[in-house]
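Here are a few exercises for getting to know a new structure. Grab the viewer, try each task yourself, and then read the solution below it.

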Amino acid sequence: MTEPPRPPGSGDTGNYPPEPTSPGPFPSAEPPTAPLSGAPGPGGYPPPGGYPPPTGDQPPSGGYPPAGGYPPPGGYPPAGGYPTGGAYGGPGGGYANNEDKTWALVAHFGGALGALISFGPLGFVAPLIAYLARGQQSPTVRAHALAALNFQILWSVIAFVLLFVSWCLLFLPSIAVVVIQILFGIIAGVKANEGNPYRYPMSANFIK
């Protein structure tokens, strides 16, 4: 007894001729559902290898610039960006040379030393010497010497007068005057050593 024929697709594993892959005259090697070469793959993404090579102005993956694109840490210029020692001028502090600085220190520290030795009246001697020896050649020395000289003249006169009065007052006023001369002379000398002019307090402009 023969079995009736089954409809197509009902599990018959019979041999059927393969279906043509393309309607054109030239059969294609790709299945009908494969995307064309170079066409976007599933989800709109291009196939592997379809991305253009990165150009030189694009940062690498991660969004960071390439190595060496950052300045040195701390914001300092690279090594060698500072001028060398030979690029600077003469002695610092506003003096043209070391001789001017020496005479400025003589005017200030010498005034304090003269007041100490003479107990007041001779505090003007060292500033006067600096003014006469170097003040005409250097405006810087002249400014320092005049400041010290005007201060020491005033307080030298006061010290001289008080030397006669202080015999009855146990020398207290004279001691105070000498302390003032020494103190401000030392302060002015320290400022002069740093290259800064100093304006003496309680001074008078006897010489201009």
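A residue is called buried when its relative accessible area is under 20%, exposed when that area is over 50%, and partly exposed in between. Keep in mind that this is a predicted model.

**Exercise 1. Find His-144 and decide: is it buried or exposed?**

Step 1: Look in helix H3, which is where His-144 sits.
Step 2: Check its relative accessible area, which is 6%. The cut-off for buried is under 20%, so His-144 counts as buried.
Step 3: See what covers it. Setting aside residues up to four places away in sequence, His-144 touches Tyr-95, Ala-104, Ala-107, His-108, Ala-192, Asn-196 and Pro-197.

**Exercise 2. Work out the overall layout: how many helices and strands does the protein chain have?**

Step 1: Count them up: there are four helices and zero strands.
Step 2: Walk along the sequence, and the pattern reads α-α-α-α.
Step 3: Now ask how much is tucked away. Of the 208 residues in the protein chain, 23% are buried.
Step 4: Look at contacts between residues at least 6 apart in sequence: 63% of them join residues at least 24 apart.

**Exercise 3. Take a closer look at helix H3: which helices do its buried residues pack against?**

Step 1: Trace H3 from residue 139 to residue 165, 27 residues in total. From first C-alpha to last, H3 reaches 39 Å, close to the 39 Å expected at 1.5 Å a residue.
Step 2: Pick out its buried residues, among them Val-141, His-144, Leu-149, Phe-151 and Trp-155.
Step 3: Follow them to their partners: the buried residues of H3 pack against H1, H2 and helix H4 (172–193).

**Exercise 4. Find the largest nonpolar core: which element gives the largest share of it?**

Step 1: Start with a rule of thumb: in soluble globular proteins, nonpolar side chains tend to be buried together.
Step 2: In this model, the largest nonpolar core has 14 residues, and Ala-107, Ala-145, Phe-151, Phe-184, Tyr-198 and Tyr-200 have the most contacts inside it.
Step 3: Sort by element. H2, H3 and H4 each give two or more residues to this core, and the largest share, six residues, comes from H3.
Step 4: Zoom in on Ala-145. Leaving out neighbours within four places in sequence, Ala-145 is in contact with Ala-107, Pro-127, Ala-130 and Tyr-131.

**Exercise 5. Track down the salt bridges: how many does the structure hold?**

Step 1: There are two. Glu-99 pairs with Arg-134, with the closest N and O atoms 3.7 Å apart. Glu-99 lies in helix H1 and Arg-134 in helix H2, so this pair ties together parts that are 35 residues apart in sequence.
Step 2: Arg-134 also forms a salt bridge with Asp-100, where the closest N and O atoms are 3.0 Å apart. This pair links helix H2 to helix H1 too, across 34 residues.
Step 3: Put them together: Glu-99, Asp-100 and Arg-134 are linked in a network of salt bridges.
Step 4: Compare their cover. Arg-134 and Asp-100 are both buried, whereas Glu-99 is partly exposed at 42%.

**Exercise 6. Turn to the surface: which residues make the nonpolar patch of about 640 Å²?**

Step 1: The patch is made by Phe-119, Leu-170, Leu-172, Ile-175, Val-179, Leu-183 and Ile-187.
Step 2: Locate Phe-119 in the loop between helix H1 (98–118) and helix H2 (125–134).
Step 3: Check its cover: with a relative accessible area of 33%, Phe-119 is partly exposed.

Key. Residues numbered from 1 in each chain as written. Predicted model: local features only at pLDDT ≥ 70, side-chain atom pairs only at ≥ 80, totals over all residues. Heavy atoms only, no water. Patch = residues over 30% accessible without salt bridge, like charges linked within 9 Å, V, L, I, M, F, W, Y side chains within 5 Å. Areas by Shrake-Rupley, 256 points an atom, 1.4 Å probe, with all protein chains shown as cover. Salt bridge = Lys/Arg side-chain N within 4 Å of Asp/Glu carboxyl O. Buried < 20%, exposed > 50% of the residue type's maximum accessible area, 1.4 Å probe, protein only. Expected span 1.5 Å × (residues − 1). Contact = heavy atoms within 4.5 Å. Core = buried A, V, L, I, M, F, W, Y, C linked by side-chain atoms within 4.5 Å.
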